[in-house]
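I am opening this notebook to record what I looked up, working from the inside of the structure outward.

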Amino acid sequence: MSDSIGQVAKAAVPAFPLSAPSPAVEVRPGTSYSGLVPLSSLTAEERRRLEEFAYAFGHAPESYDLTGTAATILRTPDEDVYFNVYADRAFWHIPGSIISDVSHKPRAVLWLKQEAMRQRRTIAVYSVTSEEASLFREAGFAVNKFGEEPVLDLVDLNWQGKVFEWVRRQTNFCHRQGLEVIEVASQEQQRAIAGDLNEVFFDDLKDRVYSEPLRLLEGRFEPHALGRRRLFIARQHDRGRTEGFLVASPTENGTSWAFETYRKRRDAVRGTIPFLFRDVIDRLRAENVKRISLCLVPGKGVQQDLSSEADARVRWMLGLWYGRLNVLFSAAGQDYFKSRFRPRYQDRYLCVYPRNSWRSILSFVRTSGALRMNVRNLLKKLVIPGKTAPPQSPDAT
């Protein structure tokens, strides 16, 4: 691979206003409304507008997945509010919460409730902030804590002191092994390296219980359709081999970025992922980026949610997911890895209308792909002669 990949071409990024008046919902002239719409059916102008909204108004790590090639869109008739929907029979699952200007969110919640009643659907919205949760609660949604999102505030971040000793040790080792981080900026270069990225991606998943990322919880990986996501690779300088990669998704008009997809080869240099994290964090901090999200840890802290409206079944399931099923989902293992970067944690919520049920919980499990596990790999983890499977390395993703 040519070193020219490392030369980042700074494209002009259009700015979109983060505040706007909140008009009554009305159909835009020339716009038809028919409920769920596949992204592939939108016109070029509609896709452009959708992408602008996802970039400007998305606040959750998975918000930008609204632009994915296989996405299914729900939009208000005036096209000022968008939702990314995974439909499963009578259940609509919406990761990434509400994509709209903050002033439109109160009416967006009420419109979504009306849509649930009109379509006779149970609607579940994920990664809802504390501020948004109050709107859903007032509208009659069932609200449960879903997990916690680790966030790094870059203004005061430094790598000094004992708390960052592990990060410094990992990155120093990778430097000695000849690793370098390169941003693959242009679409032509991204397409050229797509095959290499897919090789790393599936090599990382090869021995895992889930051979594909879990939907609703992990971002889609589409190396041919990154949009305004940013791609960074960790490469062996001498051999030119890609050891791992990180894809950062934009949120809040590009002032924040989410480390949503990161993978490494199984035989990659030890510390490849923390090395990537630190290098990219330093680059984004130099660009005056405010925050980095290390993405939601499902189930973290849910047992502390003792509010009267919280559904005990959802709390139990998420607590089990985080506390007892690490061999399957590695939620606690991922939390341990992310905690080494000393983030602060933000509560994130699940909001459901009209109510939770065992059927809606089963629909979540089915839609996420949690039922499609690699049984052979699971048995390998559970049945090791004389011992159980060792805990996952903090370098794992």
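**Internal space**

I began with the cavities of this predicted model, and the largest cavity has a volume of about 120 Å³. I then listed the lining of the largest cavity, which is made by 15 residues, and noted that the closest to its centre are Tyr126, Leu350, Asn356, Ser360 and Phe364. Going through the elements around the largest cavity, I found that strands β5 (91-94), β7 (122-128) and β15 (344-353), together with helices α7 (312-323) and α10 (358-368), each supply at least two residues of the lining. For the structure as a whole, I noted two cavities of 30 Å³ or more.

**Cysteines**

How many disulfides does the count come to? With a disulfide taken as a pair of cysteine sulfur atoms within 2.5 Å, I arrived at a count of zero. I also looked up two cysteines for their exposure: Cys351 has a relative accessible area of 0% and is therefore buried, and Cys295, at 11% relative accessibility, counts as buried because the limit is under 20%.

**Nonpolar surface**

Turning to the surface, I recorded a nonpolar patch of about 430 Å², which is made by Val327, Val375, Leu379, Leu382 and Val383. Which helix gives the most to the nonpolar patch? I entered helix α11 (residues 375-382), which contributes three residues. Leu379, one of the patch residues, lies in helix α11, and I checked whether to call Leu379 buried, exposed or partly exposed. At 47% relative accessibility Leu379 counts as partly exposed, because that class lies between the buried limit of under 20% and the exposed limit of over 50%.

Technical notes
Residues are numbered from 1 along each chain as its sequence is written. This is a predicted model: local features need pLDDT of at least 70, side-chain atom pairs count only at pLDDT 80 or more; totals for chains, interfaces and linings use all residues. Side-chain values use heavy atoms; hydrogens and water are left out. Patches are made of residues with over 30% relative accessible area and no salt bridge: like charges are joined within 9 Å, nonpolar side chains (Val, Leu, Ile, Met, Phe, Trp, Tyr) within 5 Å. Accessible areas come from the Shrake-Rupley method with a 1.4 Å probe; for residues, only the protein chains shown count as cover. A salt bridge is a side-chain nitrogen of Lys or Arg within 4 Å of a carboxyl oxygen of Asp or Glu. Helices (H or I, at least four residues) and strands (E, at least two) are DSSP runs, numbered from the N terminus. Buried means under 20% relative accessible area, exposed over 50%, partly exposed in between (1.4 Å probe, protein chains only). On a 1 Å grid over the protein atoms alone, a cavity is a set of points where a 1.4 Å probe fits but cannot get out, and a pocket is an open set with protein on both sides within 12 Å along at least five of seven lines; lining residues have an atom within 4 Å of a point. Grid points are joined across faces, edges and corners, and a volume is the space filled by probe spheres set on the points.
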